[in-house]
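Open the model in your viewer and keep the residue selection panel at hand. The stops below go one selection at a time.

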Amino acid sequence: MEYRDVLEEAKNREITKEEALLLLKEINTTQKLNELFEVASKVRDEEAKPIFKFDGFIGTITPCNTNPPCKYCSRSSGRETFSEPLTIEEIKTGAKLISETGVKRVELGGGTMPGGAGDRVIETVEAVRVVAPTLDIWINVGPSLSKDDLIQLKKLGVKEVCSSLETYNPEVFAEVKPGDSREARIRLAEEIDEVGLGLKSVMMVGIGGTSEDYVDYIFWLKGFKNLTHFPITGFRPISGTPLEKHKAALSIEVAKIGAVARLVHRKVDISFGGIMNDPQLLPLWIMAGANRAIHMGPHWHRGGKWSWRDHLPEIVVKTIGNMEFNNMLPLTTRIVKKMGMDVDVKVVSKIS
């Protein structure tokens, strides 16, 4: 079967594992990419709807105790950058600001605490509920939650919980995540699904492995009935880490893999991240079949020296003490609408 035959079939049905691998290996020119993107966009529009979702982000809510740290993480550089968790009052302030932008959902993100972060996460959710009762909440703290924690979070109205492998290849996982547990992350994903929460799972492109590994990850997720969101990130090397000289992922390769994933996960939200976290790449996201973004809306974190506003004046930046609120919606919603998609935001932010 030729790649064009697969794409023609993909207009009406989910592709197989063999067909996905064929597309990844054979689509290697501008013309072929355009054909893939056209079908991925068609599937997205018809089966997941032509509506783009923006999430807010609050972090970090938990410290990372993974030891040794992942080799691609800034912690492995010896610099404890923004590692101190936010206080409950800081989290409340961020949740209120984010809710005022009109986004409908927010990530509460933090580091992995192998000993358990259930009490801290539950406390955080309850705090957000007080000031932003209408926000849908999802949690991303790695394998730090027990099944009982997940049950309690569901009772509190949490919509989704994330469990990411980054790479499906066990050898690559052990090499780049030496202090982490692949088994614990798989078990958490299974428990999220069993409890009936929405499952999110992040795959990282460019960290190592093969096309077969990407396809294995895509089809591993087919085993979960409650998969709701599949973020696909591109590796970005960080200075001072063991992987600082490892080649960065190519945005076009990340987009290609995401487009193939769309032909498998036809109703699931798909987003991009990592090297793809640039508003000017949003048109590429949309062409590749994405319909959701985590770090392209409003986010709240400890302040840094680099600001998006210095490069893209439409982005609103508000500093409160040592905290920073970045609202990218004035720019990113304009880009999405220019690409012909509706935006799943109640109101465009008027914060100045």
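Which residue in β12 is the bridge partner of His 301? Select His 301 and look across to β12: the partner is Glu 324. This is a predicted model, and the tour begins with its strand β10.

**Stop 1: strand β10**

Select residues 298-302, which make up β10. Towards β12 (residues 323-327), five bridges join the strands, and the two run antiparallel. Now add residues 51-59, strand β1: here two bridges make the connection to β10, and the strands run parallel. Within β10, Trp 300 has Ile 58 opposite. Show the surface next. Four of the five residues of β10 are buried, so the strand is largely enclosed by the rest of the structure.

**Stop 2: Tyr 168 and its ring partners**

Move to Tyr 168 and display the aromatic side chains. The structure holds seven aromatic pairs. One of them joins Tyr 168 to Tyr 217; the ring centres are 6.4 Å apart and the planes stand at 65 degrees, so the pair is edge-to-face. Tyr 168 sits in the loop between β4 (160-162) and α7 (170-176), whereas Tyr 217 belongs to helix α9 (residues 211-220), and 49 residues separate the two in the chain.

Is Tyr 217 buried or exposed? Tyr 217 is buried, its relative accessible area being 0%. Tyr 168, at 24%, counts as partly exposed, because buried requires a value under 20%.

Tyr 168 also pairs with Trp 220, with 5.9 Å from centre to centre and 45 degrees between the planes, a tilted arrangement. Trp 220 is in helix α9 and Tyr 168 in the loop between β4 and α7, so this pair ties together parts that are 52 residues apart in sequence. The relative accessibility of Trp 220 is 14%, and Trp 220 counts as buried. Extend the selection to Phe 224 and Phe 230: ring pairs link these two with Tyr 168, Tyr 217 and Trp 220 into a cluster.

**Stop 3: charges over rings**

Keep Tyr 168 on screen and add Arg 182, which lies over the face of the Tyr 168 ring at 4.9 Å from its centre. Then go to Trp 138, where Lys 200 lies over the ring face, at 3.7 Å from the ring centre.

**Stop 4: helix α8**

Select residues 182-195, helix α8. At 1.5 Å a residue, the 14 residues should span 20 Å, and the end C-alpha atoms are 20 Å apart, which agrees. Ten of the 14 are buried, so α8 is largely enclosed by the rest of the structure. Among the buried residues are Arg 182, Arg 185, Glu 191 and Asp 193. To see what covers the buried residues, show elements including α6 (147-155), β4, α7, β5 (198-200), α9 and β7 (227-234). Just after the helix, stop at Gly 196, which has a positive phi of about 95 degrees.

**Stop 5: helix α2**

Select residues 17-26 for helix α2; its buried residues are Glu 19, Ala 20, Leu 21, Leu 22, Leu 23 and Leu 24. The cover over these residues includes α1 (3-10), α9 and α10 (251-264).

**Stop 6: Thr 124**

End at Thr 124 in helix α5 (residues 118-131). Thr 124 is buried, with a relative accessible area of 0%. Which residues does Thr 124 touch, not counting those up to four places away in sequence? Display Ile 61, Ile 88, Ile 91 and Leu 108 to see these contacts.

Conventions: Residues numbered from 1 in each chain as written. Predicted model: local features only at pLDDT ≥ 70, side-chain atom pairs only at ≥ 80, totals over all residues. Heavy atoms only, no water. Phe/Tyr/Trp six-rings, centres within 6.5 Å; stacked < 30°, edge-to-face > 60°. Buried < 20%, exposed > 50% of the residue type's maximum accessible area, 1.4 Å probe, protein only. Lys NZ or Arg CZ within 6 Å of the ring centre and 35° of its normal. Pairing = 2+ DSSP bridges. Contact = heavy atoms within 4.5 Å. Expected span 1.5 Å × (residues − 1).
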